[in-house]
Amino acid sequence: EYIAHRLGLVPIRYQPPESVRGLDCHGAFLPHRECVCYERCPRCSVEFELDVDFDTVNPTRSEEEAMAPLTVTSQDLVSNNESVMPAHFLSDDEAEDAQDRGIAIVKIGPGQRLKFKAIARMGISKEHAKWCPVAVATYRFSPVITINEDQVATLSLDEKEELVNACPDRILELNEEGNIVAAEDAEHMATFTEDLYYAQQAMKKRPEDEDFVSVVQSKDRFLFSVEGTGAMDAEEILMSSLRVLKDRLNYLAQEVENLKDLM
């Protein structure tokens, strides 16, 4: 049961030989519930085999490693489809920095062997979370940063520095002329600006004076962030989701037209 659970957490990546990205397998495979085969076939499933024997592998390890248990990882899974494989790492950079051989499945010791066949099928996360290619998806409104040049001109250099340092997100900076400007990546860094607001209130000569810097939410623009599990690239996840949404809207529009014809 433990091994089966670990295998269910291994993301499967569809990447044709001519591509360097994890793609949507929608056109390459059929959902297993829609396939007309009796149990499974190459159109709706991919078979993986794993066979790791500690006593066979251990002699090839270094003396230091030979004293420790052998970790069976996703690298040991062999696919019968060259375009489908486990997503061992999220990116090439992670693979270069990693100290392991992929996603750990189980550790085995002397006299132990792990051998099995596993079937991977296409599905959607509405049916089960194991088919979800997204680890985290968040969005927030894009900030609009406005600097009141006339008000800022009334501040001394020390006050300008204090105002710049008041915001923990570091969305402001001083240029060579000593003027306050928005930082290069301020749009993505601005999340908490209350400290900046209170610092401004303390610097004002009169409460009714305009703010030196205002940060408000945009009404027509937002920042959308998607982090994948490795099964698909983030950009491909977004484009695939838009395709599904478009198909469903087209289906709904067609059904509405069909109902109109019946009236």
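In the predicted model, G27 is exposed, with a relative accessible area of 79%. This glycine is placed in the loop that runs between β1 and β2. Its C-alpha atom is separated by 20 Å from that of H128, a residue 101 positions away along the chain.

The loop between β1 and β2 also contains R21, which takes part in a salt bridge with E235. The closest N and O atoms of this pair are 3.6 Å apart. The contact links distant parts of the chain, since E235 belongs to helix α9 (residues 234-262) and R21 to the loop between β1 (12-14) and β2 (45-53), with the two positions 214 residues apart. E235 has a relative accessibility of 53% and therefore counts as exposed, the cut-off being over 50%. R21, with a relative accessible area of 28%, is partly exposed. Both residues belong to a network in which R13, R21, D233 and E235 are joined by salt bridges that share partners.

The structure holds 15 salt bridges. One of them is formed by R113 and D51, with the closest N and O atoms 2.7 Å apart. R113 lies in strand β7 (residues 113-121) and D51 in strand β2, so this salt bridge ties together parts separated by 62 residues in sequence. D51 is partly exposed, at a relative accessible area of 43%. In another salt bridge, the side chains of R221 and E187 meet at an N to O distance of 2.2 Å. Here the partners come from strand β11 (residues 213-228), which contains R221, and helix α7 (residues 186-189), which contains E187; the pair therefore ties together parts that are 34 residues apart in sequence. R221 counts as partly exposed at 43% relative accessibility, and E187 is likewise partly exposed, with a relative accessible area of 23%.

Strand β2 also contains E47. E47 has a relative accessible area of 18% and is therefore classed as buried, the limit being under 20%. Apart from neighbours within four places in sequence, E47 is in contact with R40, V78, S79, N80, K117, A118 and I119. A second buried position is T73, with 3% relative accessibility. T73 lies in strand β3 (residues 70-73). When residues up to four places away in sequence are not counted, T73 touches L50, R101, G102, I103, A104 and I105.

On the surface, a patch of negative charge is formed by D92, D93, E94, E96, D97 and D100. Of these residues, D100 is found in the loop between α4 (92-97) and β6 (104-108). D100 counts as partly exposed, at 47% relative accessibility.

The surface also carries a nonpolar patch of about 1,100 Å². The patch is made by Y139, F141, F222, F224, L238, M239, L242, L245, L249, L252 and V256. Two or more residues are given to this patch by each of β8 (134-147), β11 and α9. Helix α9 gives the most, with seven residues. L245 lies in this helix. At 48% relative accessibility, L245 counts as partly exposed. Helix α9 thus contains L245 as well as E235, the salt-bridge partner of R21.

A backbone feature was found at R170, which has a positive phi of about 55° although it is not a glycine. R170 is placed in the loop between α6 (157-166) and β9 (172-174). With 43% relative accessibility, R170 counts as partly exposed.

Key. Residues numbered from 1 in each chain as written. Predicted model: local features only at pLDDT ≥ 70, side-chain atom pairs only at ≥ 80, totals over all residues. Heavy atoms only, no water. Patch = residues over 30% accessible without salt bridge, like charges linked within 9 Å, V, L, I, M, F, W, Y side chains within 5 Å. Areas by Shrake-Rupley, 256 points an atom, 1.4 Å probe, with all protein chains shown as cover. Salt bridge = Lys/Arg side-chain N within 4 Å of Asp/Glu carboxyl O. Lys, Arg positive; Asp, Glu negative; His and termini not counted. Charge placed at Lys NZ, Arg CZ, Asp CG, Glu CD. Helix = DSSP H or I, 4+ residues; strand = E, 2+ residues; numbered from the N terminus. Buried < 20%, exposed > 50% of the residue type's maximum accessible area, 1.4 Å probe, protein only. Contact = heavy atoms within 4.5 Å.
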